[in-house]
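Reader: I should like to learn how structural terms are justified by their definitions. May we go through them one by one?

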Amino acid sequence: MTNILLEDLGDLVSQGWGIEATGVRRRTGGLDPNASTYELTAGDGGRYFVKLRSVPTSVAVPQYLHRNGIAAVVAPIGAPFTTDGGTQVLLYPFVDGTDCWATGFSDEQYEAYGRILAAVHAAGAPPDVPAETFDPPSIGLLRSLDERVAADDELSELWRAHDRLIRSLLERAEELRAAAGGTERVLCHADIHTGNVLAGADGSLSIVDWDAPVLAPRERDLMFLLAGPWGEQPVTEHRKALFHKGYGRYEVHRPTLDYYHVERIVDDLGQFALSVLDPATDEETRRTALYWLRRNLGETVAHPA
């Protein structure tokens, strides 16, 4: 979490981009503990989206994709600005849209989502994009939490109740990791669930949060649709067919798809548990993290990965 005061944010944007702010509003709803987001209104009436990151990210990928004609990619304006305290400030054009986590996609949007993802996967990549190693820190992190969860009564009780499931997920992730990776590497968003897709009033889609792109098998991105859903809308065979109409036919490498599915569950459990255990976490964020832990564990019991 960043520690920039709201009243100072306008000055930072003025310093970094020469834009004078007349209003700044904090936005809520994101789950990234390393970021906070804001809507900024400029003196000329323009609106911008501002992201503060305590862990810096590269802007090369979204800017590369946007320059290469993929208009749905929301790219930062210019270079990020870094404060003396190390907080990274990123400025974006404001996209007047609603994320699709709760609503899901219309039939037309499933096809459009497929076309966008196909264009990203075919676009090549700028230099220095990290490559998939199939050695994620998530597995080690989740294993390390066995003793640490005792520091929080609610978390400890949740861990004990799901101990067998957590151990099973770790074993499954290790098994699948050995069989994964049998396809070509392409540029992947790596977190392209419906919460990172904004729908405009006209139905057009915009893809945000390009904070961790990776050169990986395309199953890294396809997992969110084909092994999901990551969102509230069920993914039916009809909706998968609409997606493939836009994306094109592709023979999924099942061990790789399943690996990414299980590894994402493992990663989410570890990250939400860390948030609960962090003494700097406020009570609202702590309750949100516990909610998602309970939900993820419950959904995994109901629909084993």
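**From value to term**

Reader: Why does Arg295 count as buried?

Author: Arg295 has 16% relative accessibility. Buried means under 20% relative accessible area, exposed over 50%, and partly exposed in between, computed with a 1.4 Å probe on protein chains only. The value of 16% falls under the 20% limit, so Arg295 counts as buried. Please note that this is a predicted model, in which local features need pLDDT of at least 70 and side-chain atom pairs count only at pLDDT 80 or more, while totals for chains, interfaces and linings use all residues. Residues are numbered from 1 along each chain as its sequence is written, and side-chain values use heavy atoms, with hydrogens and water left out.

Reader: What makes the contact of Arg295 with Glu232 a salt bridge?

Author: The term requires a side-chain nitrogen of Lys or Arg within 4 Å of a carboxyl oxygen of Asp or Glu. In Arg295 and Glu232 the closest N and O atoms are 2.9 Å apart, so the condition is met. Arg295 lies in helix 10 (residues 283-302) and Glu232 in the loop between helix 7 (219-226) and helix 8 (237-247), so the pair ties together parts that are 63 residues apart in sequence. Helices here are DSSP runs of H or I with at least four residues, strands are runs of E with at least two, and both are numbered from the N terminus. Glu232 is partly exposed, with a relative accessible area of 37%.

Reader: How do you know that Asp209 and Lys51 are joined by a salt bridge?

Author: Their closest N and O atoms are 2.7 Å apart, which meets the 4 Å condition. The pair links distant parts of the chain, 158 residues apart: Asp209 is in the loop between strand 9 (205-207) and strand 10 (214-217), and Lys51 is in strand 3 (residues 47-53). Asp209 is partly exposed at 30% relative accessible area, whereas Lys51 is buried at 3%.

Reader: Where do Arg115 and Glu111 lie?

Author: Both lie in helix 3 (residues 107-121), four residues apart, about one turn of the helix. They form a salt bridge, with the closest N and O atoms 3.4 Å apart. Arg115 has a relative accessible area of 46%, so it is partly exposed.

Reader: How many salt bridges does the structure hold?

Author: It holds 28. Among the residues involved, Asp152, Glu154, Glu283, Arg286, Arg287 and Arg294 are linked in a network.

Reader: What makes strand 2 and strand 3 a pair?

Author: Two strands pair if DSSP finds at least two bridges between them. Seven bridges join strand 2 to strand 3, which run antiparallel, so the condition is fulfilled. One bridge partner of Leu40 is Tyr48 in strand 3. The two strands form a hairpin with four residues between them, and Gly45 in the turn has a positive phi of about 90°. Strand 2 (residues 35-42) also pairs with strand 1 (residues 21-27), in the antiparallel sense, over six bridges. Seven of the eight residues of strand 2 are buried.

Reader: How many disulfides does a search of the whole structure find?

Author: The search finds zero disulfides; the term requires a pair of cysteine sulfur atoms within 2.5 Å. Cys100 is buried at 1% relative accessibility, and Cys188 is buried at 0%.

Reader: Why is the pair of Phe243 and Tyr247 called stacked?

Author: Rings of Phe, Tyr and Trp (its six-membered ring) pair if their centres lie within 6.5 Å; planes under 30 degrees apart count as stacked, over 60 as edge-to-face and the rest as tilted. By this rule the count comes to 11 aromatic pairs. The rings of Phe243 and Tyr247 have their centres 5.3 Å apart and their planes at 15°, so the pair is stacked. These residues are four apart in helix 8, about one helical turn. Phe243 is buried at 1%, and Tyr247 is buried at 9%.

Reader: What term applies to the rings of Phe105 and Tyr110?

Author: By the count of 11 aromatic pairs, theirs is one with centres 5.2 Å apart and planes at 85°, so the pair is edge-to-face. Phe105 and Tyr110 are both buried. Ring pairs link Phe105, Tyr110, Tyr113, Phe243 and Tyr247 into a cluster.
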